[in-house]
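Q: Please take a close look at the sheet in this structure and explain, step by step, how its strands are arranged and what surrounds them.

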Amino acid sequence: MRSRYSAFVVGEVDYLFRTWHPKTRPDDLTLPADRTWTGLVVLATEDGEVGDDAGVVEFEAHYVSGGRAGVQHEVSRFERRRGAWVYVDARAT
């Protein structure tokens with residue numbers, strides 16, 4: 001989760017694409033040019049430990065866009081594929 005947030009911060013679209021489950025990732029991923037990410041707060045986790053094949057992370061990602069502060073609050077699901085964690089999908093809250 002933290003590595004994907006960091007990829008959003010620095011605009012590493014290739015990393016985001018590689019760490020997105022192939023069944024749910026979009027064909028094209030374009031990041032908003034006017035969004036500056038300013039912080040990540042992990043609110044809760046469920047599973048996702050050594051030996052688990054799935055996990056859930058609830059988080060708030062803070063940003064500034066168009067001079068205004070905002071928060072993206074999600075509950076995201078992850079799965080382990082071939083030993084690596086990949087993002088599956090999220091429910092915005």
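A: Two strands are said to pair if DSSP finds at least two bridges between them. With that rule in hand, the sheet of this predicted model can be described one pair at a time.

Strand 3, which covers residues 68-81, pairs with strand 4 in the antiparallel sense, and eight bridges join the two. One position to look for is Arg-81, which stands opposite Ala-84 in strand 4. Arg-82 belongs to the loop between strand 3 and strand 4. Its backbone deserves attention, for Arg-82 has a positive phi of about 50 degrees although it is not a glycine. Most residues other than glycine have a negative phi. Arg-82 also counts as exposed, because its relative accessibility is 81% and the exposed class begins over 50%.

The pairing of strand 3 and strand 4 is accompanied by a contact between charged side chains. Asp-89 forms a salt bridge with Arg-77, and the closest N and O atoms are 2.7 Å apart. Asp-89 lies in strand 4 and Arg-77 in strand 3, so the pair ties together parts that are 12 residues apart in sequence. Both partners fall in the intermediate class of accessibility: Asp-89 is partly exposed at 30% relative accessibility, and Arg-77 is partly exposed with a relative accessible area of 40%. The count of salt bridges comes to one.

The next step is the other side of strand 3. Strand 2 and strand 3 pair in the antiparallel sense over 12 bridges, and Ala-61 stands opposite Gln-72 in strand 3. These strands form a hairpin with two residues between them, where Gly-66 takes a positive phi near 60 degrees. Just before this turn comes Ser-65, a residue of strand 2, which spans residues 54-65. Ser-65 touches Asp-34 and Arg-35, leaving aside residues up to four places away in sequence. Although Ser-65 and Arg-35 are 30 residues apart in sequence, their C-alpha atoms are 4.6 Å apart in space.

Strand 2 has a further partner. Strand 1 and strand 2 pair in the antiparallel sense over 11 bridges, with Gly-39 standing opposite His-62 in strand 2. A hairpin links them as well, with six residues between the strands, and Gly-48 in its turn has a positive phi of about 80 degrees. Asp-47, placed in strand 1, has a positive phi of about 60 degrees although it is not a glycine. At 48% relative accessibility, Asp-47 counts as partly exposed.

The separate pairs can now be joined into one picture. Four strands form an open sheet in the order 1-2-3-4, with antiparallel pairing. Strand 1 (35-47) and strand 4 (84-92) are the edge strands, each pairing on one side only. Neighbouring strands of this sheet are turned by 30 degrees against each other on average, direction ignored. Helix 1, made of residues 2-10, lies across strand 1, strand 2, strand 3 and strand 4, and runs at about 170 degrees to strand 1.

The interior comes next. The largest nonpolar core has 12 residues, among them Tyr-5, Ala-7, Trp-37, Val-57, Phe-59, Ala-61, Tyr-63, Phe-78 and Tyr-87. Helix 1 and strand 2 are the elements that give two or more residues to this core, and strand 2 gives the most, with four. In soluble globular proteins, nonpolar side chains tend to be buried together. Phe-59 illustrates the contacts of one core member: leaving aside residues up to four places away in sequence, Phe-59 touches, among others, Met-1, Leu-40, Val-42, Gln-72, Glu-74 and Ser-76.

The last of these partners, Ser-76, lies in strand 3. Ser-76 is buried, because its relative accessible area is 1% and the buried class is under 20%. The side chain of Ser-76 makes a polar contact with the side chain of Glu-74, at 3.0 Å. Leaving aside neighbours within four places in sequence, Ser-76 is in contact with Gly-55, Val-56, Val-57, Phe-59, Tyr-87, Asp-89 and Ala-90. Asp-89 in this list is the residue that forms the salt bridge with Arg-77, and Phe-59 and Tyr-87 belong to the nonpolar core.

Conventions: Residues are numbered from 1 along each chain as its sequence is written. This is a predicted model: local features need pLDDT of at least 70, side-chain atom pairs count only at pLDDT 80 or more; totals for chains, interfaces and linings use all residues. Side-chain values use heavy atoms; hydrogens and water are left out. Contact means heavy atoms within 4.5 Å. Axes are lines fitted to C-alpha atoms, for helices over the stretch in contact, and angles run from 0 to 180 degrees between N-to-C directions. A salt bridge is a side-chain nitrogen of Lys or Arg within 4 Å of a carboxyl oxygen of Asp or Glu. Buried means under 20% relative accessible area, exposed over 50%, partly exposed in between (1.4 Å probe, protein chains only). A nonpolar core is a set of buried Ala, Val, Leu, Ile, Met, Phe, Trp, Tyr and Cys residues joined through side-chain atoms within 4.5 Å. A polar contact is a pair of N or O atoms within 3.5 Å; within protein, one must be able to donate a hydrogen and the other to accept it, and residues adjacent in sequence count only if both atoms are side-chain atoms.
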